[in-house]
Amino acid sequence: MKKRTKLLFATCVMLVVSGCATRSDWEAVSGSKSDGVVTLRYELVASKVYLPDEPGAIALAKQRCGYWGFSSAKAFDTETQHCSDEECRTYIITKDYQCIN
């Protein structure tokens, strides 16, 4: 009986913890073919833990760069964060990617 209770408790903990983590999708918001730069963004709710999908961001940036004839993309080292409301409950995170051949 104790083993079953422990298993039930562990399952409940996993459900609660996984419910706190959010995975938002990256979206392309701008870019410059002449500079070979694509800008992506995602929205971050301050009260949630965010797990950025970096492989997904690279895939999206590579796709956008591919439209311009580039073969790949590489993330710049920095990203910017701006409040999207007056109380800063939600942030917009943007990151630039360099298109490369």
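**A sheet, a helix and two disulfides**

Let us start in the middle of the fold: strands S5 and S6 run antiparallel and pair over 9 bridges. Strands here are DSSP runs of E with at least two residues, helices are runs of H or I with at least four, and both are numbered from the N terminus. Two strands count as paired if DSSP finds at least two bridges between them. One of the bridges of S5 and S6 sets Cys83 against Tyr91 in S6. The two strands form a hairpin with 6 residues between them, where Cys88 takes a positive phi near 55 degrees.

A word on what you are looking at. This is a predicted model, in which local features need pLDDT of at least 70 and side-chain atom pairs count only at pLDDT 80 or more, while totals for chains, interfaces and linings use all residues. Residues are numbered from 1 along each chain as its sequence is written, and side-chain values use heavy atoms, with hydrogens and water left out.

Now step back to the whole chain. It has 2 helices and 6 strands, and from the N terminus on they follow one another as α-β-β-β-β-α-β-β. Of the 101 residues, 25% are buried; buried means under 20% relative accessible area, exposed over 50%, and partly exposed in between, with a 1.4 Å probe and protein chains only. Among contacts with a separation of 6 or more, 61% are between residues 24 or more positions apart, a contact being heavy atoms within 4.5 Å.

The hairpin belongs to an open sheet of 4 strands, with antiparallel pairing and the order S2-S3-S6-S5. Strand S2 (27-32) and strand S5 (72-83) stand at the edges with a single partner strand each, so one side of each has no neighbour in the sheet. From one strand to the next, the twist averages 25 degrees. Moving across from S2, you find 5 bridges joining S2 to S3 in the antiparallel sense, with Ser30 facing its bridge partner Thr39 in S3. Helix H2 packs on this sheet, touching S2, S3, S5 and S6, and its direction makes about 115 degrees with that of S5. Such angles run from 0 to 180 degrees between N-to-C directions, and the axes are lines fitted to C-alpha atoms, for helices over the stretch in contact.

Next comes the pairing of S3 and S6, which is antiparallel and has 9 bridges. Here Glu43 stands opposite Ile92 in S6. Because 8 of the 11 residues of S6 are buried, this strand is largely enclosed by the rest of the structure. Thr94 lies in S6, and its side chain makes a polar contact with the side chain of Thr80 at 2.3 Å. A polar contact is a pair of N or O atoms within 3.5 Å; within protein, one must be able to donate a hydrogen and the other to accept it, and residues adjacent in sequence count only if both atoms are side-chain atoms. Leaving aside residues up to four places away in sequence, Thr94 touches Thr39, Leu40, Arg41, Glu79 and Thr80.

What lies at the nonpolar core? The largest one holds 15 residues, of which Trp26, Leu40, Tyr42, Leu44 and Tyr97 touch the most other members. Strand S3 (37-45), H2 and S6 each supply at least two residues of this core. Such a core is a set of buried Ala, Val, Leu, Ile, Met, Phe, Trp, Tyr and Cys residues joined through side-chain atoms within 4.5 Å.

The cysteines finish the tour. A disulfide is a covalent bond between the sulfur atoms of two cysteines, recognised here as a pair of sulfur atoms within 2.5 Å. By that rule there are 2 disulfides. One joins Cys65 to Cys99, with an S to S distance of 1.9 Å. This link ties together distant parts of the chain, 34 residues apart: Cys65 in helix H2 (residues 54-67) and Cys99 in strand S6 (residues 90-100). Cys65 is buried because its relative accessibility is 0%, and Cys99, at 4%, is buried too.

The other disulfide joins Cys83 and Cys88, with 1.8 Å between the sulfur atoms. Cys83 counts as partly exposed at 40% relative accessibility, as does Cys88 at 24%. The handedness is left for Cys65 and Cys99, at -75 degrees about the S-S bond, and right for Cys83 and Cys88, at 90 degrees.
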